[in-house]
Amino acid sequence: MGWIGLRDLEAEATKLLTPTIADYIAGGSDDEVTVKENEAAYSRISLVPRVLCGAGDPDLTIDLFGQRISMPVLIAPTAFHRLVHDQGETATARAALATDTIMIMSMASTETIEKVAAASEGRTWLQLYLQPDLSVMESFVRRAEDSGCKALVITVDSPVFGSVNVMFAMDSLICLLVSFVRTFACHQMENRRVESGV
Ligand SMILES: Cc1cc2nc3c(=O)[nH]c(=O)nc-3n(C[C@H](O)[C@H](O)[C@H](O)COP(=O)(O)O)c2cc1C
């Protein structure tokens, strides 16, 4: 495959994606100050190697909410996985299962909670944006519970969205809107199906 670092992986991914979608994933709001600062913050964290303290397999496993996972690294919630892969969040869930960690499934997913939770065999948590209509929240929470999700992750920093640098023009917005409408329609249909027990 020929990549060793995250930059190489990003370059490979960019080759496979349309510019619109690559920009949606990599771009930030306004002057992208937060994106740059997030990256800079990670680069300030150093791993200190421990030497002369014995060989062996280091144990990176941790317990989180009663689940033991292979490492203290989880898959952060990101929306619309079917923009980049036809199996969408189900494929990401299988990656979580294969690496024995947790996938935090976005509320704006393009697959249903039930399908994703089943594909990860219980290694899914659900991310939620607070909704003015609490019955919508409740329905998501119940379905997460019934699907075996062990935790909810509430995102509180998106009451308004920043303005995206729309260098990739209107088609990106249309593409995202279509996907978002599909996601919600899909969740609503699933809700009705689950509630009516058919
Ligand atoms: C393409 C993309 C989609 C995202 N979608 C969501 C989402 O649906 N829900 C959410 O809570 N966060 C979402 N995020 C935010 C990420 O989960 C994460 O918090 C953010 O990228 C900063 O993480 P980092 O600085 O650790 O990389 C998204 C981020 C990106 C880049």
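Colleague: In which loop is serine 158 found?
Modeller: The model is a predicted one. Within it, serine 158 follows strand 5 and comes before helix 7 (169-196). Its place is therefore the loop between strand 5 and helix 7.

Colleague: Is serine 158 buried or exposed?
Modeller: Serine 158 has 9 C-beta neighbours inside 10 Å. A residue with 12 or fewer falls in the lowest class. Serine 158 therefore counts as exposed.

Colleague: How far apart in space are serine 158 and leucine 130, C-alpha to C-alpha?
Modeller: Along the sequence, serine 158 and leucine 130 are 28 residues apart. In space, the C-alpha to C-alpha distance between serine 158 and leucine 130 is 9.1 Å.

Colleague: Turning to the sheet, what is the order of its three strands?
Modeller: The sheet is open and its pairing is parallel. Strand 3 (103-105) and strand 5 (152-155) stand at the edges with a single partner strand each, so one side of each has no neighbour in the sheet. From one strand to the next the twist averages 30°. The order is 3-4-5.

Colleague: Which residue in strand 5 is the bridge partner of leucine 126?
Modeller: Strand 4 covers residues 124-129 and pairs with strand 5 in the parallel sense over four bridges. For leucine 126, the bridge partner in strand 5 is leucine 152.

Colleague: What angle does the direction of helix 6 make with that of strand 4?
Modeller: Helix 6 (residues 134-146) packs on the sheet, where it touches strand 4 and strand 5. The direction of helix 6 makes an angle with that of strand 4 of about 175°.

Colleague: Is the β-α-β crossover from strand 4 to strand 5 right-handed or left-handed?
Modeller: The chain leaves strand 4, passes through helix 6 and arrives at strand 5. This β-α-β crossover is right-handed.

Colleague: How many charged residues are in the shell around the ligand?
Modeller: The residues surrounding the ligand are Ile25, Asn38, Ala76, Pro77, Thr78, Ala79, Ser106, Ala108, Gln127 and Thr155. By class, five of the shell are nonpolar and five are polar. The number of charged residues is none.

Colleague: Is glutamine 127 buried or exposed?
Modeller: Glutamine 127 is in strand 4 and is one of the residues around the ligand. Within 10 Å there are 21 other C-beta atoms, and the cut-off for the class is 20 or more. Glutamine 127 is therefore buried.

Colleague: How far apart in space are glutamine 127 and methionine 105, C-alpha to C-alpha?
Modeller: Leaving aside neighbours within four places in sequence, glutamine 127 is in contact with Pro77, Ile104, Met105, Ser106, Met107, Val153 and Thr155. Glutamine 127 and methionine 105 are 22 residues apart in sequence. In space, C-alpha to C-alpha, the two are apart by 5.8 Å.

Colleague: Which residues is alanine 119 in contact with, leaving aside its neighbours within four places in sequence?
Modeller: Alanine 119 lies in helix 5 (residues 113-119) and is buried, with 21 other C-beta atoms within 10 Å. Alanine 95 is 24 residues away in sequence and 9.3 Å away in space, C-alpha to C-alpha. Outside those sequence neighbours, the contacts of alanine 119 are Thr90, Ala93 and Arg94.

Colleague: What is phi of glutamate 32?
Modeller: Glutamate 32 lies in the loop between helix 2 (19-26) and helix 3 (33-43). It is partly exposed, with 15 other C-beta atoms within 10 Å. The residue is not a glycine, yet its phi is positive, near 60°.

Colleague: Where is aspartate 100, which also has a positive phi?
Modeller: Phi of aspartate 100 is about 60°, although the residue is not a glycine. Aspartate 100 is partly exposed, with 13 other C-beta atoms within 10 Å. Its place is the loop between helix 4 (88-99) and strand 3.

Colleague: For the chain as a whole, what percentage of residues count as buried?
Modeller: The chain has seven helices and five strands, in the pattern α-α-α-β-β-α-β-α-β-α-β-α. Among contacts with a separation of 6 or more, 62% join residues 24 or more positions apart. Of the 198 residues, the share that count as buried is 18%.

Terms used
Residues numbered from 1 in each chain as written. Predicted model: local features only at pLDDT ≥ 70, side-chain atom pairs only at ≥ 80, totals over all residues. Pairing = 2+ DSSP bridges. Helix = DSSP H or I, 4+ residues; strand = E, 2+ residues; numbered from the N terminus. Axes fitted to C-alpha atoms, helices over the stretch in contact; angles between N-to-C directions. Contact = placed C-beta atoms within 7 Å. Near = placed C-beta within 6 Å. Nonpolar A, V, L, I, M, F, W, Y, C, P; charged D, E, K, R; others polar. Right-handed = clockwise from strand over helix to strand, strands pointing away.
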